[in-house]
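Here is a small set of exercises to work through with the coordinates open in your favourite viewer. Try each task before you read its solution.

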There are 2 protein chains.
Amino acid sequence: MPTPQSSTATIDDVARRARVSISTVSRVINRTVPVSPDIVRRVEEAMRVLRYVPRAAARNLARRNTNTLGLLLPDGLGDFFGPLLRGIQNVTHEHGYDLLIATAGRPDPEDSLPHSLGNHNTDGLLIFAGCLRRQGLIRAYAQGVPMALIHQTPPPEIAIPCVTIENKAASRALVEHLIQVHERRKIVLLQGLPDNEDAQWRESGYREALAQHHIPFDPALVVPGDFDRQRASDSVARLLADGVIFKAVFSGDDEAAVGVYQALRAAGKRIPQDVAVVGFDDQRLAEVMTPALTTVHAPTAEVGAEATRQLLRLIKTGQAEPLTLLPTEVIIRQSCGCE
Amino acid sequence: MPTPQSSTATIDDVARRARVSISTVSRVINRTVPVSPDIVRRVEEAMRVLRYVPRAAARNLARRNTNTLGLLLPDGLGDFFGPLLRGIQNVTHEHGYDLLIATAGRPDPEDSLPHSLGNHNTDGLLIFAGCLRRQGLIRAYAQGVPMALIHQTPPPEIAIPCVTIENKAASRALVEHLIQVHERRKIVLLQGLPDNEDAQWRESGYREALAQHHIPFDPALVVPGDFDRQRASDSVARLLADGVIFKAVFSGDDEAAVGVYQALRAAGKRIPQDVAVVGFDDQRLAEVMTPALTTVHAPTAEVGAEATRQLLRLIKTGQAEPLTLLPTEVIIRQSCGCE
DNA sequence: CTGTTAGCGCCTTCAT
DNA sequence: ATGAAGGCGCTAACAG
């Protein structure tokens with residue numbers, strides 16, 4: 001039952017072996033004040049021989065900080081996971097911090113932090129969109145937990161730095177490409193979930209593109225996609241079954257685009273000749289799809305890295321950029337009709 | 001008016017406010033021994049009002065354990081990341097443990113644990129293939145760090161539990177499918193890197209399938225793939241340029257299959273009519289490829305979950321299953337020539 | 001059931 | 001430049 005602890009050397013052992021005090025050992029470990037070179041060598045030798053590793057718990061307790069960042073992620077991050085984590089890890093380690101991960105089961109009625117990420121167990125929190133809602137954020141903020149939000153802006157009354165991507169202009173450019181270059185006017189929009197900010201901005205871009213070209217907004221062409229393969233496929237299939245006419249689909253994201261391909265193919269429609277399709281995110285599967293998916297590249301790793309930088313800055317200086325919008329870029333492939 | 005203030009409340013504050021001793025507070029927190037209901041309520045009330053959160057560092061120091069598992073991952077895990085982490089997280093949380101993540105830059109000359117995962121900062125380590133080599137493993141093992149290996153078996157002289165997947169039988173079945181059902185005899189094998197155990201077993205399966213059907217092993221058909229898109233593409237392109245004749249390709253993994261598709265298409269070959277292609281892993285992109293990729297499903301989330309279970313068991317009981325081979329399953333799609 | 005009392009291993013003044 | 005001593009906040013005997 002009680003976990004046996006392999007007894008390893010402590011700072012006392014090192015001090016004894018090097019015949020100095022523990023304070024001195026602490027000093028050579030942390031290089032906090034000069035120590036005579038001779039002693040430094042003795043201490044280092046002792047640490048090596050004893051295979052000494054400072055115990056994080058003891059150090060954290062004494063220092064009153066954990067040197068650890070918490071990352072709160074939704075359950076189904078899918079392919080974003082890899083790049084995002086890579087970006088976060090890089091910066092985190094660069095600054096000598098550790099990374100503690102927790103996932104938030106999607107519908108948390110409590111809207112509270114996972115226990116493990118609680119107040120004093122972490123120096124700050126990276127929170128991905130959808131993991132904590134209004135009340136949860138406000139509560140954590142009130143408790144003074146340093147936080148940075150990813151792909152989600154904070155409630156207006158509290159100032160939490162947020163890092164996300166430029167959605168609207170890219171979406172608009174994408175849809176305009178469909179209109180101008182490929183002369184499509186009946187363009188379906190697969191909406192994301194209402195609480196998804198990315199989805200909202202992408203819809204704005206879609207609307208602006210239409211307005212710019214004097215194409216009336218047609219509610220019949222706007223159907224749920226939810227950034228989900230199945231949902232997207234169902235929606236497009238229904239459109240087809242209902243006899244709705246359209247010449248292009250803005251899928252909302254790449255994942256939904258997969259569903260769109262499926263539904264279109266099942267109905268015998270050719271992509272892009274009959275219906276052009278575009279996505280968003282430029283996930284790894286985008287270039288593998290046939291035809292290769294025209295989409296918008298989202299710099300996911302950089303989002304993670306920048307959010308981490310902001311959080312670290314907030315922790316160290318108490319200040320951070322309220323909103324960072326990372327640039328996106330339209331990636332033209334073949335699904336829009338281009339060669 | 002209770003003022004929400006101290007993000008600094010400690011167990012003493014709670015004890016004082018509930019007018020009990022700190023031990024009692026500790027008892028209601030940990031439910032270690034019965035406490036009278038009346039006092040429980042008082043303590044809980046105090047914790048609520050004070051917004052008390054136990055400090056992990058203090059607790060870990062006193063308990064001599066961290067309640068945290070470390071996860072060591074390679075830099076570029078790609079699409080495995082999501083599922084693997086999901087499996088690990090689930091089990092980890094189920095057992096009340098936290099998860100600390102670190103990535104190992106591929107070529108670590110030191111072959112040592114990242115500082116953050118050092119001896120006493122974690123109760124045990126989950127180590128993905130390729131992150132730590134022989135010496136590193138032996139050293140960590142000697143220091144008594146509980147570990148579980150993922151997709152990599154330990155050096156013979158030390159007993160570290162390993163969880164991986166069944167590679168050989170599935171590969172053999174896959175290749176036999178190509179031989180028997182689709183009558184391909186000239187089958188290219190894209191080899192993985194020599195230190196990749198999965199790759200080795202897959203090659204064995206390939207060889208067994210050939211032997212079973214009395215097809216001589218032809219070294220000219222075995223080229224590097226490295227589970228890498230570009231490498232695979234290059235290898236296949238060279239084969240084609242060299243005029244080598246082949247009717248099928250076992251890509252080693254799905255990622256390489258993408259490269260195979262590219263090279264084949266660039267040369268005007270039809271898949272599967274001219275050349276059948278199969279992969280391994282059943283990553284998300286497999287079913288999106290055109291034609292959909294015939295491959296082998298690897299239960300990645302379950303690998304993560306099971307490795308975590310073994311590690312936890314090792315930590316708690318000192319025992320664990322030396323080797324767990326999770327079953328795989330051939331997934332027939334269209335790239336092999338099936339309808 | 002509840003309170004008292006040692007530490008857990010390290011950092012950090014404060015002396016020297 | 002080095003040592004001594006007092007915590008950091010919590011758990012875990014040990015007494016009542």
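The exercises below concern a predicted model, and each comes with a worked solution.

**Exercise 1. The surface near the DNA**

Task: Find which residues come nearest to DNA strand C, and which elements supply the surface near this strand.

Solution:
- Step 1. Begin with the residues around DNA strand C, of which there are 26; A:Ile11, A:Tyr52, B:Ser23, B:Arg27 and B:Ser36 come nearest.
- Step 2. Next, turn to the strand itself: among its atoms that come within 4 Å of the protein, sugar and phosphate make up 62%.
- Step 3. Now assign the surface to elements. At least two residues each come from α2 (22-30) and α4 of chain A, and from α2 (22-30) and α4 (56-63) of chain B. The most is given by α2(A), with 5 residues.
- Step 4. Finish with the residue classes: 12 are nonpolar, 8 polar and 6 charged.

**Exercise 2. Side chains at the phosphates**

Task: For A:Arg55, B:Thr24 and B:Ser36, work out how far a polar side-chain atom lies from a phosphate oxygen of DNA strand C.

Solution:
- Step 1. For A:Arg55, the distance from a polar side-chain atom to a phosphate oxygen of DNA strand C is 3.1 Å.
- Step 2. In B:Thr24, a side-chain N or O atom is 2.7 Å from a phosphate oxygen of the strand.
- Step 3. B:Ser36 has a polar side-chain atom 2.7 Å from a phosphate oxygen of DNA strand C. This serine is also one of the residues that come nearest to the strand.

**Exercise 3. Three loop residues**

Task: Place A:Arg55, A:Arg133 and B:Ser251 in the chain, and decide for each whether it is buried, partly exposed or exposed.

Solution:
- Step 1. A:Arg55 sits in the loop that joins α3 (37-50) to α4 (56-63) of chain A. Its relative accessible area is 26%, so it is partly exposed. Its C-alpha atom is 8.0 Å from that of A:Thr10, although 45 residues separate the two along the chain.
- Step 2. A:Arg133 belongs to the loop between β3 (124-128) and α6 (134-142) of chain A. With a relative accessibility of 39%, it counts as partly exposed. From A:Gly76, 57 residues away along the chain, its C-alpha separation is 17 Å.
- Step 3. B:Ser251 is in the loop between β8 (248-250) and α10 (254-266) of chain B. Its relative accessible area is 0%; buried means under 20%, so B:Ser251 is buried.
- Step 4. Check the surroundings of B:Ser251. Beyond its neighbours within four places in sequence, its contacts include B:Leu190, B:Val260, B:Val277 and B:Gly279.

**Exercise 4. Where the chains meet**

Task: How much area do chain A and chain B bury between them, and how many salt bridges cross their interface?

Solution:
- Step 1. Count the participants: 50 residues from chain A and 50 from chain B take part in the contact.
- Step 2. Take the area. The two chains bury about 4,400 Å² between them, and 56% of it is on carbon and sulfur atoms.
- Step 3. Look at the charged pairs. The interface has 6 salt bridges, including one between B:Asp79 and A:Arg284 at 3.1 Å, N to O.
- Step 4. Add the polar contacts, which link 13 residue pairs between chain A and chain B.
- Step 5. Map the chain A side: α4, α5 (81-94), β2 (98-104) and α10 (254-266) each give two or more residues. By class, this side has 17 nonpolar, 20 polar and 13 charged residues.

Methods. Residues numbered from 1 in each chain as written. Chains lettered and ligands numbered in written order. Predicted model: local features only at pLDDT ≥ 70, side-chain atom pairs only at ≥ 80, totals over all residues. Heavy atoms only, no water. Helix = DSSP H or I, 4+ residues; strand = E, 2+ residues; numbered from the N terminus. Buried < 20%, exposed > 50% of the residue type's maximum accessible area, 1.4 Å probe, protein only. Near = heavy atom within 4 Å. Polar contact = N/O pair within 3.5 Å; in protein donor to acceptor, adjacent residues only side chain to side chain. Nonpolar A, V, L, I, M, F, W, Y, C, P; charged D, E, K, R; others polar. Contact = heavy atoms within 4.5 Å. Buried area = accessible area lost by both parts, 1.4 Å probe. Salt bridge = Lys/Arg side-chain N within 4 Å of Asp/Glu carboxyl O.
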